[in-house]
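Reader: I'm new to this structure and would like a close look at one part of it. Could you pick a spot and walk me through what surrounds it?

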Amino acid sequence: MAVEVGSMWETLKEAIVSYTGLSPATFFSALALAIAFYYTVSAFFAPPPPRPRRIEEFEESEPLPPPVQLGEITEEELKVYDGSDPKKPLLMAIKSQIYDVSQSRMFYGPGGPYALFAGKDASRALAKMSFDDKDLTGDISGLGPFELEALQDWEYKFMSKYMKVGTIKKAIPVTEGPIVEGSNTTAEGESSESAVDEAKPKEGITDDSRMD
C-alpha cells in the first residue's frame, strides 16, 4: 500500500512539473493562495445574511377604523383629537376644514415632527412654515401672497390624501341692533295722539241723544 501511494505521489509530481513547469511546493502554494483569494472576493459580493426580524414585525397591525363624520364642532372640541388618546381619531384642520390624519400618525401623532398641529386649525402655521405657538391658529389675515399660495398647496394635499370629517364652528359675536334716534319720540307721539283721539267725543253722539 505504501509503495502504491509513493508511486502515485511521484507520478503527481512529474505531472505538475510537466504541465505547469513549477515545483510541487510552488504549485501547492499558488493553489492555496488562489483558494484564499476566491473566498475573500466572494465575501464582498455575497448577499448579507438575513436580519433577524423583531417580534413586533410579525404582529399584524390593527386596521384603522373608518373615519367618523363629526359635522360642525368648536375649536375647543377639536383639541381632544390631538392623538393623546389612541382610541380617538387624529384630526387636524386647514381653513376651518377638519381632516382625519390618523394614517399619518408617525408625522402628526405624539412624538412626530408635526405633532403640535394635531387637534388644531394650523392654517397660519402651515402658511408660514412656523412652529411658534402664536401661529397655531386658523386666522390667516395679513398673510402675503406667497404664504397664501403655500397654504393652498397644503390644502390641496390634504384634500387629495385625507378624508374630510367636519368643519370648525365659528363663533358669531352677538351685537345689539342699531338704535334709531327719534323712535321713542315717535312712539310717544303716537301714544299721545291716540290718547287725544280717545278723549274726543265720537261723531254722531250728542247731548241730545243722551237725553233721549
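Author: Here is a walk that starts at one aspartate and follows its neighbours outward.

Keep in mind that this is a predicted model. Over the chain the mean pLDDT is 76, and 66% of the residues reach 70 or more. Among the elements, E3 has the highest mean pLDDT, at 96, while helix H3 (residues 55–58) has the lowest, at 41. Two stretches deserve a warning: residues 182–192 have a pLDDT below 50 and zero contacts beyond near neighbours in sequence, and for residues 202–212 the pLDDT is also below 50, again with zero contacts beyond near neighbours. Where pLDDT is low, don't read the predicted coordinates in detail.

Now for the starting point, aspartate 121. You'll find aspartate 121 in the loop between helix H5 (105–108) and helix H6 (123–128). Is aspartate 121 buried or exposed? With a relative accessibility of 3%, aspartate 121 is buried, because the cut-off for that is under 20%.

So what does the side chain of aspartate 121 touch? One partner is the side chain of serine 123, in a polar contact of 2.5 Å. A polar atom of the aspartate 121 side chain also lies 2.9 Å from the backbone nitrogen of serine 96. Leaving out neighbours within four places in sequence, the contacts of aspartate 121 include Glu75, Leu78, Lys95, Ser96, Thr137 and Ile168.

Two of those contacts, Lys95 and Ser96, are worth a stop. Lysine 95 is found in the loop between strand E2 (91–94) and strand E3 (97–100), and serine 96 lies in the loop between E2 and E3 too. Most residues other than glycine have a negative phi. Lysine 95, though not a glycine, has a positive phi of about 55°, and serine 96, not a glycine either, has a positive phi of about 70°. As for accessibility, lysine 95 is partly exposed at 31%, whereas serine 96 is buried at 16%.

Lysine 95 has another partner as well. Lysine 95 forms a salt bridge with glutamate 155, with the closest N and O atoms 3.2 Å apart. That pair links distant parts of the chain, since glutamate 155 sits in helix H7 and the two residues are 60 apart. Glutamate 155 is buried, with a relative accessible area of 10%.

Back past aspartate 121, step into helix H6, where arginine 124 lies. Arginine 124 is buried, at 16% relative accessible area. Beyond its neighbours within four places in sequence, arginine 124 is in contact with residues including Asp135, Thr137, Asp139 and Leu143. Asp135 turns up again in a network of salt bridges that links Arg124, Lys128 and Asp135. Within that network, the side chains of aspartate 135 and lysine 128 meet at 3.5 Å, N to O. Aspartate 135 is buried at 4% relative accessibility, but lysine 128 is partly exposed at 35%. In general, side chains of opposite charge can pair when their charged atoms come close.

Helix H6 also has a nonpolar side. The largest nonpolar core has 18 residues, and among those touching the most other members are Met92, Tyr108, Phe117, Leu126 and Phe158. E2, H6 and H7 are the elements that give two or more residues to this core. Leucine 126, for one, touches Met92, Ile94, Phe117, Leu151 and Trp154, not counting residues up to four places away in sequence. There's a second, separate core of eight residues too, including Leu91, Ala93, Ile98 and Val165.

Let's finish with the aromatic rings, where the count comes to nine pairs. Tyrosine 108 and tyrosine 114 make a tilted pair, 5.8 Å centre to centre with 35° between the planes. Tyrosine 108 also pairs edge-to-face with phenylalanine 158, at 6.0 Å and 65°. Tyrosine 108 lies in helix H5 and phenylalanine 158 in helix H7 (residues 145–161), so this pair ties together parts that are 50 residues apart in sequence. Phenylalanine 158 is buried, with a relative accessible area of 0%, and tyrosine 108 is buried at 3%, while tyrosine 114 is partly exposed at 23%. Ring pairs join Tyr99, Tyr108, Tyr114, Phe117, Phe131, Trp154, Phe158 and Tyr162 into a cluster.

Definitions and conventions
Residues numbered from 1 in each chain as written. Predicted model: local features only at pLDDT ≥ 70, side-chain atom pairs only at ≥ 80, totals over all residues. Heavy atoms only, no water. Helix = DSSP H or I, 4+ residues; strand = E, 2+ residues; numbered from the N terminus. Buried < 20%, exposed > 50% of the residue type's maximum accessible area, 1.4 Å probe, protein only. Polar contact = N/O pair within 3.5 Å; in protein donor to acceptor, adjacent residues only side chain to side chain. Contact = heavy atoms within 4.5 Å. Phe/Tyr/Trp six-rings, centres within 6.5 Å; stacked < 30°, edge-to-face > 60°. pLDDT = per-residue confidence, 0-100. Core = buried A, V, L, I, M, F, W, Y, C linked by side-chain atoms within 4.5 Å. Salt bridge = Lys/Arg side-chain N within 4 Å of Asp/Glu carboxyl O.
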